[in-house]
Amino acid sequence: MKIITILSAILFSFVSCSQQPKKIVNDFSCIEEDPSGIGIGIGSDLESQLLGQFGKPISLKEEITDGDSLLVKIKKESKLISTGPEIQVLYKVLWKLKNVIKSPKGFDYKIYYIQSDELNSFTCGGKIFFTTGMYKFCKTEDEIACILGHEIGHNELGHIRDNLSRIKTMEDFGDAGMITAGLGKLLITPFNQKNEVACDFYGLDLAVAAGYDACQNISLWKRMQEKQGSTSILESFMSTHPASSSRANCSRNHLDINYQLSCPN
Ligand SMILES: [Zn+2]
C-alpha cells in the first residue's frame with residue numbers, strides 16, 4: 001500500500017508521434033543547454049548504475065503486480081470510461097504502437113481512460129492511464145501516438161523498474177538504502193528530465209515506425225508551452241518535466257538527425 005501511495009505521487013509522467021534508420025542517435029544536447037533545468041544530464045546514469053549494483057532487483061512480474069495495484073487505486077478514486085469512440089481511438093493507437101516495439105520486455109500493454117480535466121498520462125507495469133483532459137488537448141491521433149509512445153518508453157527503458165527499485169531499496173535497507181535511493185530522490189523528481197526526453201525520443205521512434213506523423217509532437221509541445229504559466233492545470237506536471245520549448249526542440253532535432261525530417265515551424 002505504501003508503495004502504491006508513493007507511486008501515485010511519482011508516476012505522473014506526461015509527457016509522453018517510413019523508413020527506419022539503422023541506428024537511432026539520441027542527442028541530449030538540447031536539454032543540457034536549457035538554463036531552466038536543474039540537475040539535467042547528471043544523476044540519471046550514475047544513479048542507474050548505483051541501483052544496478054546495490055538496489056533491490058525488480059522483476060517484470062513485480063512491475064506488473066504494482067501496475068495492477070495502481071489500477072485498483074485509480075478505480076477507487078476515479079471514473080474509468082470503457083465505451084465510446086474516444087477509447088476506441090486509444091485502443092487503436094496503442095495497438096499500432098505496441099506492434100512495432102523492438103525487442104519488447106514482455107509487458108501486456110493496456111490503456112485506461114480516466115474521466116478527469118487534468119492534463120495527464122502516466123504508466124506502471126504496462127498499464128497506461130490517459131485522461132479525458134489530455135484527449136481533448138490532443139488535436140490528432142498522431143499527437144496521441146507520441147504521448148502513448150512516450151509512456152511505453154518509460155516501461156521499455158526500465159524507468160518504472162528503477163523507481164520501484166529505489167522505493168523498495170529504501171524500505172528494505174533503511175539508511176544503507178538511502179545512499180542510493182536518497183541520491184536518486186534528490187536528483188530525480190519523479191523521472192529525471194533526461195529520462196523524460198529519452199521517452200520523447202522513444203515515442204517518436206515508435207510513432208514513425210507505426211506510420212504516424214511524428215512532427216506533430218512539436219506542435220503538441222508548442223501548445224503546452226503556450227499553456228504553461230497561464231493555467232494551474234499544468235502546474236504539477238510542468239514542475240517535474242523539462243521545459244516545453246526544450247522538448248519541442250529536442251523532438252525537432254531527433255526527427256532531423258534520424259529521419260531527415262524537416263518538420264514545419
Ligand atoms: Zn514521462
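Start at the zinc ion of this predicted model. Its donor residues follow the spacing H-x3-H-x41-E in sequence. Select His150, His154 and Glu196 to see them. The two histidines each coordinate through NE2, and Glu196 through OE. The coordination distances run from 2.1 to 2.2 Å.

Now color the helices that hold two of these donors. His150 sits in helix α7, residues 141-156. Glu196 sits in helix α9, residues 193-209. The pair is 46 residues apart and links distant parts of the chain. Switch on a surface: His150 and Glu196 are both buried.

Next, the nonpolar interior. Select Leu97, Phe130, Leu148 and Ile152. These residues have the most contacts inside the largest nonpolar core, which has 48 residues. Helix α9 gives the most to this core, with 8 residues. Then pick Tyr112, Cys124, Phe129 and Ile160. They are among the 11 residues of a second, separate core.

Last stop: Thr131. Find it in strand β4, residues 127-131. Is Thr131 buried or exposed? Its relative accessibility is 3%, so Thr131 counts as buried; the cut-off is under 20%. Show the side chain of Thr131 and the backbone of Met134. The backbone nitrogen of Met134 lies 3.0 Å from a polar atom of that side chain.

Finish with the surroundings of Thr131. Leaving out residues up to four places away in sequence, Thr131 touches Tyr113, Ile114, Ser116, Glu118, Leu119 and Asn120. Select these six residues together with Thr131 to view the contacts.

Methods. Residues numbered from 1 in each chain as written. Predicted model: local features only at pLDDT ≥ 70, side-chain atom pairs only at ≥ 80, totals over all residues. Heavy atoms only, no water. Donors = N, O, S within 2.8 Å, 3.2 Å for Na, K, Ca; no water. Helix = DSSP H or I, 4+ residues; strand = E, 2+ residues; numbered from the N terminus. Buried < 20%, exposed > 50% of the residue type's maximum accessible area, 1.4 Å probe, protein only. Core = buried A, V, L, I, M, F, W, Y, C linked by side-chain atoms within 4.5 Å. Polar contact = N/O pair within 3.5 Å; in protein donor to acceptor, adjacent residues only side chain to side chain. Contact = heavy atoms within 4.5 Å.
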